[in-house]
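Reader: I am new to this structure and would like a close look at one part of it. Please pick a single helix, describe how its residues are placed, and then go on to other details of the chain.

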Amino acid sequence: MSPSQWDFPVELCCRPMAFVTLTGLDVIYNAVHRAVWDAFCANRRADRVPISFKVLPGDHEYPKCRNKRTSYEWHIPKGILKTGWMNKHLNLVPALVVVFYELDWDEPQWKEKQSECATRVEIVRQSLQGRNTKVAVVLIQKKTPLPPGEDVIASERAAALCNACDLSGKSLFVLPHTDHLVGYIIRLENAFYEHAQTYYYTEIRRVKSHKEFLNKTTHQLLFVRHQFKIAFFSELKQDTQNALKNYRTAYNLVHELRAHETNMLEIKTMAGFINYKICRLCFQHNTPLDAIAQFRKHIDVCKKKIGSAELAFEHAAWMSKQFQVFGDLFDEAIKLGLTAIQTQNPGFYYQQAAYYAQERKQLANVLCNHEPSVVYPNPDPIETQTGVLDFYGQRPWRQGVLSFDPNDPEKEKVGILALQLKEKKDLHSELIITLLSNAVAQFKKYKCPRMKSYLMVQMGEEYYYAKDYTKALKLLDYVLCDYRSEGWWTLLTSILTTALKCSYLMAQIKDYITYSLELLGRASTLKEDQKSRIEKNLIKVLMNENPDPEPDCDAASVKSSQKLWADRVSLAGNNIFTIEVQDFVPFVQCKARFLAPSFHVDTPVQFDIFLKADCPHPIQFSKLCVGFNNQEYNQYCMVEEACQKNELCPEGMLWLVPGKTTMFTFKFVAKTEDVGKKIEITSVDLILGSENSRCVILNWRGGGGDAASSQEALLAARSFKRRPKLPEGEIHWEGLTVQTSTMIISRVPNISVQLRHEPPALTNEMYCLIVTIQSHEKTVSKDVKLTAGLKPGQDANLTQKTHVTLNGAEICDDSFPALLPDIPVGDLQPGEKLEKAVYIHCGTVGTRMFLVYVSYLVSTTIEGKEILCKCHRDETVTIETVFPFDVAVKFVSSKFEHLDKVFADIPFLLMTDILSASPWALTIVTSQLQLSPSMMPVDQLESYVENVVLQTGESASECFCLCCPSAISGQSGVATGSYAISWKRSSAVKSIPVVRTVITLPHVIVESIPLHVNADLPPFGRVRESLPVKYNLQNKTNIVQDLEVSVEPSDAFMFSGLKQIRLRILPGTEQEVLYNFYPLMAGYQQLPSLNINLLRFPHFTNQLLRRFIPTHIFVKPQGRQADDASIAAA
C-alpha cells in the first residue's frame, strides 16, 4: 500500500454538495455561453445554494448502472464500502442534467429547433439509462419574456416542447441573456436545487428499500454500507440532522461486526471515516462537547483493536491519524468562531497524535528490523491491477476474502514482509515533528508556556534522532532559559546532555564549551564520574585537542564529527570565545563587593572579588580582569597567572579548589574628576585556557551572579537553617552580598563656615548675612570661592522676588540674581579667618532656604601619589520673611466718629496707625501722604512720626484733615492717594539704605449734602455761667432753601433764643442762629437738641445733622472765689 494509506480520502473530507451537470454550453467559443457559465461558478457567495456544477458534452458517458438485484438471499458481500462510491456520487453521477439550448419563442424555424432540442434530451436520457437522475431544459433567449399568461404563443410552444421532450412543466426554464443575468441564474440555481433534493430523496428511499431483504447472519457488512449511503445522501441533500443520525447508527453497526485480525483494519478504517463525519457534523451544529464525547468514545473502543501483532505499527499509525484529524477539525471550528480554552484546545490532540507517531516509530524499529539480506518481494504483493483497492481497509493480496483464516499463508507472510519493509523506509521523524509543531503553535496561541516548552524539547530530540542537529540545537537552546528560570534542574540536565551531543556531532566549539561549563555546575544533576568525563573533555578542547565522543551517539555521526573536530584543530581560526555567564549556570560562581557604599577621594577605593568552583576536580584559570564604567581603572584590577603554557600551578592565585571560596582584594586611587560620580563594576572576566591555544572568557555583567543566583538568594533569605561553622580563614558563600557600585565623594573639608544674622528678615529690607570662613587645614587653601543665595529648587515665585548682592548700600531691583555663584575669596592660610557680608532683598513674605557653599583646592598625598583635591563645605539656613509693620487707615469725622462715606466740601479726618510687627526695633525715618487730585488738605501736610523708634507691638499714629471739593457722580468711590513710610532697622549700620514702603489708601464714597451746620461754642461750660452758642447754617445747593429750625430743651440747661424759627437761605450763603445756654448741672451733659427740617429735602434727617454738631458738652462745677484767687495766684 502507498505510504499515504492513512490519509483520509479527499471525497470524505470535503463538504458534500449536490452534483449538477450542464450540457449544451460552448464555454470556449461562445461568449454568451461563457457569461452563463461564469455566472454559475464565479464568485459564489455563502448565501447561494450548495451545488457543484460541471460542464459536460451532451453525449457524455455516465457510469453505467448495475442491474438491479431482485434478491439478496445468496449474495455474500466482499467488503463494506467501495473506494470509488463517494467520488462517483460527488463528481460522476449527477442529480440533475441541464440541457441548455438557444431558442426564442418567435423562432421562425420552430419545428426544426424543437425537434433538435428533443433529440438532445433523448441522448442525455440514453446515457443515464437506469439512473434516477433528473433532466431539465433551459432555453437561452435574447428577449426578456412577458409575464406569465400574457404571451399566448409562448405558452403554447412551451407546452409543445415539454411534450416533445417528455418533460414536466417544472423542468423547462427560460434564461434571458440581459443585464440581469446573475439574478436569473440565482433563480435557476434554486430550481435546480429543488430537483437535486428530489433525486437524493429518491436515492435514500431506494437504499432503504434494500434493507428489508437483508439478514444479520450473512449481510452484516451491507447493514453498515446501506446506513453509510443513507447518511451520505442526506448530506448531499443538506439534511445534516438526519445525516448525523444515520452516521451514528452506522458507527454502532460497524462495531457490531465480528472482528478478527484479517478484517480488523477494514473495521477500523470505516469506523474512522464515520467518526470523522460525526465529529465534523457536531462541530457544524455548534455542539463541540458532543464531538469531543464521540471522539473519546471512538478512541476508547478502538485503541485495543490492534490487529496483527506483526503489523502493530499500523495500529499506532491509525491512532495517530485519528487524533491528527480531530485536531484539524477542532482547529477549523475555532477559525469559524468556536471558543477554546487552555485545558481544551487542538494542541492536546496534536500532542497525542505525535505520541502515537513516536510509538509507531518505536514499533517499526522493533518489527521492521530485518537483516540487510532480506529484499523486497517480487512481484509486489501490495500492488493491484487497477492501482487502487476495491474496498476501503482491505489487504491488496486478499481483496474480497472474508474468511478469518488466510487461504494462502505464504502470500500472507510475503504481504506482511512487504508492509514491514515499506514501513522501514517511512520518515517517521518528519511526521512527528510536524505534529509537535502544530501542537506547539496551539499551546502558544492559548498561552500554555510549559506545555509549549515541553513539546519543543520533544521536537528537538526528534530532530536529534533524525540527525538534523542544527535544528535540534536551536530548539533545545530556545527552551533552556525557561527551565533555568524556573529551576527544573533535572529536566535542564537532560536537555543539556542532548544539546552537548548535538554540539559535539557538529563540532560547534563554543556551544560545546558552553554546555560543558553548565553540566559541570551546581545546577547539573549528573553523577561525579559523568562530570569528570565532561571536565576532561573540556580541558582537551581548551588544549586544542579532540574530545572523546559523547556516549549513546550514532556511530556514523560520531565518525563524521571526528573529521570535523580534526579540521577545527588544524584550522588556525578564532580560538578565543566569550561566554555571557548571566544566561546560564556555569561551574564557577563570582561575587564582587565594594567595601563601602562610598569613598572619599583622598582614600583608596577597595573591593573584593570572590570565586567558587563547583566542578569535580581543581581547575586552573589563567587571568582575572575587572571592568569599570571608567575604563582607566581597569589596569589596576587584574590578576594574571605566571604559569607557563599548559602547566598546572596548584600554588597559583587562580587555582580554584571545588567548594572553597577564593577572595581577591583590589585597591586603587580614584580620580578627582570622578568626585560626585558612581564607580560601577560593569564586568568581571575570568579566562580559562591559554590565549595562545584556545581560551574561554567567562564574562559576568555587573558584580557577578548567574541564571540561578536570584532564586538561590531568595531561598537563602527564607531559610532558617543554621550555617555550619567553617575553619578559620574560609568564607560562607551564601553570606556574601554583591555591591557593584560605590560613590566617590569629595574630601572631608577642614574649614568651618559660620553664619551670623538677625532673623527674621523684613520685607524689602537689605537683610545682612555675615559669613565667617576659617581654615583648619595644615596647608594653604587655594582658590577659595563662595557661593551664596537662595538654594535652587524652590518655588519660582520666591526666586523671582529674592535678590542677593554684596553691596548693601543700594536697594536691589529685579536685575540682581537670587544666587551669587563662585565669588572669588582668594587663598586662606592655615588658621586664617575671613568674613564676608551678603545682603539679601526679599520682596515677599514666606520661608526661604539659603545656601552658603565654600569650595577650595588643597594638595594631599595618597598611596605615595600627590593629588589636588577639591573640597567644599556648605551650610543652609532657613530665614522667615515677615512684614515689618501693619498699617491701619480709617476715615473719621471732626467728632472722631467712624465714617462710611464723606460729604463734599465737608472736612473729615484721615487717621493712620503704624503697628510694629518686627521683633527688632524699627526707626520710622519719615512718612509722607501723597493725595490724589480729588482730595485737598485742609491744613499743611507734614509728618508727625519722624525718627520715631517703634519696639515690638508699639504703634505710631498720624491724623490728617482733608476735604473732597465736590462729589463726583457715577463713581463708587474716590481715590484717596497713598501713604509712604521710610524706615530701617534701628540696629542697622548707617550704610544700609532706608526702605520706602508705599501703602495705597482706600477709596472713599463722597456724597453731596444740601445743608451744612457748624456749631461755634466754648470747649466747656461752668454751672450757672452763661454759655453762648452760634450755629452757622450754610446752603450747599444752587436753589433757595426753606427750613424750619427748632430747639428741644434739655434738663441740664436753660436757654434763651428763638425756640422755633423759619428761615430762607439763598444758594451758597449762610445764616447764623445765636443761643445763650445756661448750665444747671455739672458733668458731661447733653446740649439742647437743634432740629432742622428742610422743606425741599425731606430725606435730610436730624440724625445726619448730629454728625456735624456736638450733642454733649462738659460742664464744670461752680468754683469758689478763694479757690479761684489761689488758682490765679498759682
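Author: A residue counts as buried under 20% relative accessible area, as exposed over 50%, and as partly exposed in between, with a 1.4 Å probe and protein chains only as cover. The model is predicted, so local features need pLDDT of at least 70, side-chain atom pairs count only at pLDDT 80 or more, and totals for chains, interfaces and linings use all residues. Residues are numbered from 1 along each chain as its sequence is written, and side-chain values use heavy atoms, with hydrogens and water left out. Helices (H or I, at least four residues) and strands (E, at least two) are DSSP runs numbered from the N terminus.

The part chosen is helix α10, which runs over residues 288-302. With 15 residues, α10 reaches 21 Å from its first C-alpha to its last, close to the 21 Å expected at 1.5 Å a residue; the expected span is 1.5 Å times one less than the number of residues. The buried residues in α10 are P288, A291, I292, Q294, F295, H298, I299 and C302. They lie on the same side of α10 because they cover an arc of only 160° around the axis, the arc being that of the directions from the helix axis to the C-beta atoms. An α-helix has 3.6 residues a turn, so residues three or four places apart point the same way. The cover over the buried residues of α10 includes α8 (240-254), α9 (264-284), α11 (312-335) and α12 (346-367), where contact means heavy atoms within 4.5 Å.

Two of these covering helices also hold salt bridges. A salt bridge is a side-chain nitrogen of Lys or Arg within 4 Å of a carboxyl oxygen of Asp or Glu, and the count by this rule is 34. In α11, K335 and D331 form one, at 3.7 Å from N to O. K335 and D331 are four residues apart in α11, which means about one helical turn separates them. K335 is exposed at 66% relative accessibility, whereas D331 is buried at 14%. For α12, the pair is D426 and R360, at 3.0 Å from N to O. D426 sits in the loop between α13 and α14 (428-445) and R360 in α12, so this pair ties together parts that are 66 residues apart in sequence. D426 and R360 are both buried.

Elsewhere, R48 and E189 form a salt bridge whose closest N and O atoms are 2.6 Å apart. R48 is in the loop between α2 (31-41) and β2 (51-55), while E189 is in helix α6 (residues 181-210), so the bridge ties together parts 141 residues apart in sequence. R48 and E189 are buried, and both belong to a network of salt bridges with R44.

The backbone has some features to note as well. Most residues other than glycine have a negative phi, and most peptide bonds are trans. In the loop between α12 and α13 (409-425) lies P379, and the peptide bond from N378 to P379 is cis, with omega near 5°. The bond from P759 to P760 is also cis, with omega near -5°; P760 is in the loop between β18 (751-756) and β19 (761-762). A507 has a positive phi, near 55°, and lies in the loop between α17 (489-506) and α18 (509-519). A507 is buried, with a relative accessible area of 1%. D822, in strand β23 (residues 819-828), has a positive phi of about 50° and is partly exposed at 47%.
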